[in-house]
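Subject: The two-chain model, and what turned up in it

Hi,

Here is the structure I promised to pass on. Have a look at it first, and then read on for my notes.

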Amino acid sequence: MKQLNHRRNMEGPDAPEFSADSRWEPEIIAFCCDYCAYSAAALAGSNRMQYPAGVRIIHTPCTGKIETEHILGAFEKGADGILVVGCLEGGCHFVEGNLRARRRADRVCAILDEIGLGGGRLKMVNLSDSMASEFVQEILEIVEKAKALGPNPLKLSKQSESAGSL
Amino acid sequence: MIVASQKSITELKGIISGHKKVLFAGCGTCVTVCLAGGEREVSIATYAIRIARKLERNPVEIVQMTIERQCENEFIKDLAEPASKVEAIVSFGCGAGVQAIAERFPGKPVYAGLNTQFLGVLEEQAVWTEKCMGCGDCMLSHFGGICPVTRCAKRLLNGPCGGSLESRCEVDPDRPCAWQLIYNRLKGIGQLERLEDIVPPKDWSTAWYCGARKVVRKEHQL
C-alpha cells in the first residue's frame, strides 16, 4: 500500500515528494577515470572524507571509454544521478578521451531532456588525482541535485511492476 | 557514400507510438560510416525510446539487429526471423533500405528511422558534404573533376556567375564557390583552356526528374 502511495506521488506535476522522505538516499553512479578520479576517490577514502553511501564508483580506463549506452543503461536500471569524472582538460592519458567524453555527456543530457528524464541528472567534471576534496564536493553536489529532482521514475515504475500495480 | 541524418527521438517515438514490439534494423554499410544508422546508433535509439516509453507507462519491447546491407535481399533475409516476432520494423537504413525491407515484408509496417540526405564524402571527422546528385549524365570531365551541377547553387555549366565573395558562394557563405574550385583545379592540372569551352545544355532526361530510374547490365544478368 505504501508503494502505491509512492506511485501516486510521482504521477502528479509536483512529482518529487520523495525528496521529502528523509529515508531516501539517491543511487549515484560515478564513472571514474583510472588516471585521476579513481585515485582521487581512493585518496578521499584514505583521508576518511565522508560522502553518502549511495554512491557507486565504476572504475573506467578513461572517460573516453564510456559510451552513451553505458549512461543510458544505468539510468534505465534506476540510477538517480550519474557523475562522469575525467582528467583535467589537456591532461588525458589518451590525449583527448576526456574531451570526447564531454561531447558524449552533452549529447546524453540533450537526450535525457528530450525524453523527459532530465539532463540535470548527469554531470561531467574534470579533476586530477590529487583533488580528493573536490571529488567529494562534486559527489555531494550531484547527490543534492538528485534529491532535488527526486527518484528516477524508471526505478519507481519497476517497483510498481514488481508490486503488480501496473 | 549515401549520407543520412538521424531523426529526433521524439519523432521516432511518435512513429512507433501504436506498437508494443518493434524491430530496429540497422544497416552496416553507408549509414554506419556516416554514424547515423549503424549498430551503435540503433542501440542508443533503443535505449532512449525504451526509457521514454517507460516514463509514459507505455513500455515497448525493442529488438535490435544490424545487417550488412539493407538494400540487398541476400542480407535482408537475415531479418526474417526477428521480423516475424514483432509488430513493426523501423529501418535505420537509407531510403532504399527502408523500401527494400518493406518489399521483403509486405505484411509488416516498415518505418524510416533516418532522413536520407545525399551522396557525399567525409570531409573531416563527423562532417560530410554533398558531391553528387546522381544526375545520370556525368559531366565531371568538363570541369576538372568538380561538379557544378551539384556544388554550384545555380548549377551553372558555364560559370562563374560573378557573385562569389572571397571564393565563397553568394547564396551560402559557408559553401565554397564551385567555379572558384573548378578554376583552381583546372589551373593546377594545366587545363585552364577548358574554361573557354561552351558546355552545351545538360540532358536532364537521365535525371530523377523523369521518375525513378533503372540500371540493367545484361551481360551480368542470370
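Let me begin in the middle of chain A, where strand β1 (residues 28-33) and strand β3 (residues 81-86) run parallel and are paired over 5 bridges. One of the residues to look for is A30(A), whose bridge partner in β3(A) is L83(A). Please keep in mind that this is a predicted model.

**The sheet of chain A and the helices on it**

The pair β1 and β3 belongs to an open sheet of 4 strands in chain A, with the order β2-β1-β3-β4 and parallel pairing. At its edges are β2 (55-60) and β4 (122-126), each of them paired on one side only. Ignoring direction, neighbouring strands in this sheet are turned by 20° against each other on average.

Two helices pack on this sheet. Helix α4 (residues 97-115) of chain A touches β3 and β4, and its direction makes about 160° with that of β4(A). Helix α5(A) touches β1, β2, β3 and β4 of chain A, with a direction at about 155° to that of β3(A).

As for the chain as a whole, chain A has 6 helices and 4 strands, and from the N terminus its elements follow the pattern α-β-α-β-α-β-α-β-α-α. Of its 166 residues, 40% are buried. Among contacts in chain A between residues at least 6 apart in sequence, 80% join residues at least 24 apart.

**A helix pair and the core**

Helix α5 (residues 132-149) of chain A also packs against helix α2 (residues 37-46) of chain A, at an angle of about 95° and with the axes 8 Å apart. Angles of 65 to 115 degrees count as roughly perpendicular, so α2(A) and α5(A) are roughly perpendicular to each other. From α2(A) come A37(A), A40(A), A41(A), L43(A) and A44(A), which meet A132(A), F135(A) and V136(A) in α5(A). By class, the residues of this contact are 8 nonpolar, no polar and no charged.

Two of these residues return in the largest nonpolar core, which has 85 residues: A37(A) and F135(A) are among those with the most contacts inside it, together with I82(A), V85(A) and A48(B). Leaving out residues up to four places away in sequence, F135(A) touches A37(A), A40(A), A41(A), A44(A), V85(A) and L127(A). Another core, of 10 residues, lies apart from the largest one and includes C147(B), C169(B), A178(B) and I182(B).

**Where the chains meet**

How many residues does each chain bring to the contact? Chain A brings 15 residues and chain B brings 13 residues. On the side of chain B, the elements that give two or more residues are α1 (9-15) and α3 (39-55), and α3(B) has the largest share, with 9 residues. That side of chain B divides into 7 nonpolar, 3 polar and 3 charged residues.

If you would like a residue to click on, try T68(A), which lies in helix α3 (residues 68-76) of chain A. Beyond its neighbours within four places in sequence, T68(A) is in contact with R104(A), R107(A), V108(A) and I44(B). Is T68(A) buried or partly exposed? It has 18 C-beta neighbours inside 10 Å and therefore counts as partly exposed, as the cut-off for buried is 20 or more.

**Chain B: a sheet and some backbone details**

Chain B has an open sheet of 3 strands, ordered β1-β6-β7 and paired antiparallel. Its edge strands, β1 (2-6) and β7 (127-132), each have a single partner strand, so one side of each is left without a neighbour in the sheet. Neighbouring strands here are turned by 70° against each other on average, direction ignored. Strand β6 (residues 114-124) of chain B runs antiparallel to β7(B) and is joined to it by 5 bridges, with L122(B) opposite W128(B).

Some backbone details may also be worth a look. Most residues other than glycine have a negative phi, and most peptide bonds are trans.

- A126(B), in the loop between β6 and β7 of chain B, has a positive phi of about 70°. With 9 other C-beta atoms within 10 Å, A126(B) is exposed.
- L35(B), in the loop between α2 (30-33) and α3 of chain B, has a positive phi of about 55°. L35(B) is partly exposed, with 16 other C-beta atoms within 10 Å.
- G159(B) and P160(B) are joined by a cis peptide bond, with omega about 0°. P160(B) sits in the loop between α7 (148-151) and α8 (178-188) of chain B.

Best wishes

Notes
Residues numbered from 1 in each chain as written. Chains lettered and ligands numbered in written order. Predicted model: local features only at pLDDT ≥ 70, side-chain atom pairs only at ≥ 80, totals over all residues. Axes fitted to C-alpha atoms, helices over the stretch in contact; angles between N-to-C directions. Parallel < 35°, antiparallel > 145°, perpendicular 65-115°, else oblique. Contact = placed C-beta atoms within 7 Å. Nonpolar A, V, L, I, M, F, W, Y, C, P; charged D, E, K, R; others polar. Pairing = 2+ DSSP bridges. Core = buried A, V, L, I, M, F, W, Y, C linked by C-beta atoms within 7 Å. Buried ≥ 20, exposed ≤ 12 C-beta atoms within 10 Å, placed from the backbone.
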